[in-house]
Amino acid sequence: MEQIRIHGRGGQGVVTAAELIAIAAFNEGKYAQAFPNFGVERTGAPIQSYARISKEPIITREQIYNPTVLIIQDVTLLDTEDITTGASKNTIFIINAPKNYTLRTKLPSKKVFFCAATEIALEIFGKNIVNTVILGAFAKHSELLSLESLKIAIQEKFKDKGASIIEKNIKAIEQAYND
Amino acid sequence: MKKIKIQKRVKDHILEGSRAIALTINNINPDVISAYPITPQTHIVEDLAKFKAEGTANYEYVRAESEFAAASIILGACATGSRVYSATSSQGLLLMIEVLYNISGMRLPIVMTCANRAVSAPINIWNDHSDAMAVRDSGWLQFFSEDHQEAVYQHILAFKIAEKMQLPALVNVDGFILTHSYEPVSIPSKSLISKYLPAYKPESGTYLDPKNPITLGGFFSSDAYFKTREDIFQDFNLSLEEIKKEYLKLKKVFNFKDNGNGLVEYSGAKKPKTILITMGSLAGTIKETLKDYRDIGLLKITTFRPFPAEEILKATKSCKNIAVIEKAISPGSGGPLYNEVKAAIFENEKINIKNYIVGLGGKDISQKIIQKIIKDSNNKNKKITFVG
């Protein structure tokens, strides 16, 4: 079972990111689960969300303690919170930071991938909303989802938000995927 | 080792739990819905209001200014012979309590979802079962769902039993854990549901009708009042068999299989040394944990009111230990479920029965916690333990 833990801040779309992963995995014929964990419901407060992908039905509802993938939407969280708890040498890290970024924290794994999601988000949306952007990097480096099924998930999830939003989000994940 | 069988179902969608419940309610075809938003129930009623606004629903959606008003509106609507639905959580449910007693006393078959949440103070929006336990004696049937699919089927079952027995029903779904999670689920169509649950046609003389005037909830002297309470008690007892019967039918019509009979569901070892007892979504986490054990079983209580005492006595007959794992506490006593299970197995004095209080205010219940409980369950020391 793949266990994906996402760390970010309130307002960054942390919960939506986990939901998109689950929708995309389900569309690929797998079992999937996603659920949130807000500390307090406040913009800017640290938030976690979880997604599981498996070939078997997923019945456990415990939070994710040993992530196989850790997505970090806000790199400053690494300095203030112990967000790498439970990660191992096999955990894949997808971090929103420029390519040449130097981490101040030592990570347990060498599978660390940077994605300049903020840069891409500012360029495409004019706002620092990185949740979909970073999923492009997630699909590429974890190989758990195809870019195509992510795009379909975005169309499904954002269908009430209009064509322009969907188009921008798809452009953003493509850019992150090909980066 | 006997493996726990997890029923594989082909699911049509991946949905948020709240959306799955809202779609089901729309397909059940209620006449009136009234609710006041409260976390974590909000998404359910938002979706139902949206269906109405989009023109895909036939019900009247009445906005209320509080939960007390919402409960009063559904009472009034149901008293006119309509099929009625509402949803709430925590403080919202507690604000409704006075009306809830009136609803059951008037024998109005309303179905309501409770997205279970802790009760203040201190303020906490997360899941536990304190709210459901606060209305335990209000005369409402109470069901608890393990996952989205069970929540979908329990709402259909709840309407069937409620309308048949003329008793209101509360369907409990764990707040956030079920209401805000995405997982695969199938939503039965309107036409399939109508095969199982036909349109609600109450008997003449049981509802408010200008052509056939009656009084509901009028003044009763002591003798008559006493009798109403005895009647409700008897009808709860009768509903035990009714739920079993209807659950069998439900499985047939909606074409699914599980180990449950609508009241309880047993899974795990054939001859268990220890049986864990719980309600709601925690059953999933326990089933996952039990894959590594060969002498432990899980008895999931799906119907809490009426309380399936006989089923529990039967299921635990030959085990040595019982661990009741629950998300509520009655200060000065113990876990409410523990006390009821203890009363149910009173005849079997050899069993070592223990109570573990977990998950209050949404504290995560990990598989490690379950392992810890299993390890401790055959000790005869402290009876009631908080594990977090």
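In which helix of chain B do K244(B) and E241(B) both lie, and how many residues apart are they? They belong to helix α8, which spans residues 222-254 of chain B, and are three residues apart, about one turn of the helix. The model is a predicted one. In it, the side chains of K244(B) and E241(B) meet in a salt bridge, with 3.6 Å from N to O. K244(B) has a relative accessibility of 23% and counts as partly exposed because this value falls between the 20% and 50% limits. E241(B), at 51% relative accessibility, counts as exposed.

Side chains of opposite charge can pair when their charged atoms come close. Over all chains, the structure holds 32 salt bridges. Chain A offers another pair within one helix: K151(A) and E148(A) form a salt bridge with an N to O distance of 3.9 Å. Both residues lie in helix α5 of chain A, three residues apart, about one turn of the helix. K151(A) counts as buried, at 16% relative accessibility, whereas E148(A) is partly exposed, with a relative accessible area of 47%.

The salt bridge of E150(B) with K300(B) links distant parts of chain B. Its closest N and O atoms are 3.0 Å apart. E150(B) is in helix α6 (residues 148-165) and K300(B) in strand β11 (residues 296-301), with the two positions 150 residues apart in the numbering of chain B. Both E150(B) and K300(B) are buried. Chain B also has a network of salt bridges, which links K160(B), K164(B), E242(B), K245(B), E246(B) and K249(B).

Next comes the interface of the two chains. The contact takes 24 residues from chain A and 32 residues from chain B. About 2,300 Å² is buried between chain A and chain B, and carbon and sulfur atoms give 56% of this area. On the chain A side, F26(A), I59(A) and R61(A) lose the most area to chain B, and together they account for 33% of what that side buries. Two salt bridges are found across the interface of chain A and chain B. R61(A) also forms a salt bridge with E183(B), in which the closest N and O atoms are 2.9 Å apart.

The largest pocket has residues of both chains in its lining. Its volume is about 1,500 Å³, and 49 residues line it. Those nearest the centre of the pocket are T16(A), E19(A), K157(A), K161(A) and Y182(B). The elements that give two or more residues to the lining are, in chain A, α1 (14-27), β2 (31-38), α4 (131-142), α5 (147-157) and α6 (163-178), and in chain B, β1 (13-16) and α2 (42-54). By residue class, the lining divides into 17 nonpolar, 14 polar and 18 charged residues.

The last element to consider is helix α9 of chain B, residues 282-290. Nine of its nine residues are buried, so the helix is largely enclosed by the rest of the structure. The buried residues of α9(B) include the charged pair of neighbours K287(B) and E288(B), along with L282(B), I286(B) and L290(B). What covers these buried residues includes strands β7 (169-174), β9 (264-268), β10 (274-278), β11 and β13 (321-326), as well as helix α12 (367-376), of chain B. Strand β11 is also the one in which K300(B) lies.

Key:
Residues are numbered from 1 along each chain as its sequence is written. Chains are lettered from A and ligands numbered from 1 in the order in which they are written. This is a predicted model: local features need pLDDT of at least 70, side-chain atom pairs count only at pLDDT 80 or more; totals for chains, interfaces and linings use all residues. Side-chain values use heavy atoms; hydrogens and water are left out. On a 1 Å grid over the protein atoms alone, a cavity is a set of points where a 1.4 Å probe fits but cannot get out, and a pocket is an open set with protein on both sides within 12 Å along at least five of seven lines; lining residues have an atom within 4 Å of a point. Grid points are joined across faces, edges and corners, and a volume is the space filled by probe spheres set on the points. Helices (H or I, at least four residues) and strands (E, at least two) are DSSP runs, numbered from the N terminus. A salt bridge is a side-chain nitrogen of Lys or Arg within 4 Å of a carboxyl oxygen of Asp or Glu. Buried means under 20% relative accessible area, exposed over 50%, partly exposed in between (1.4 Å probe, protein chains only). Contact means heavy atoms within 4.5 Å. Buried area is the accessible area (1.4 Å probe) that two parts lose on being put together, summed over both.
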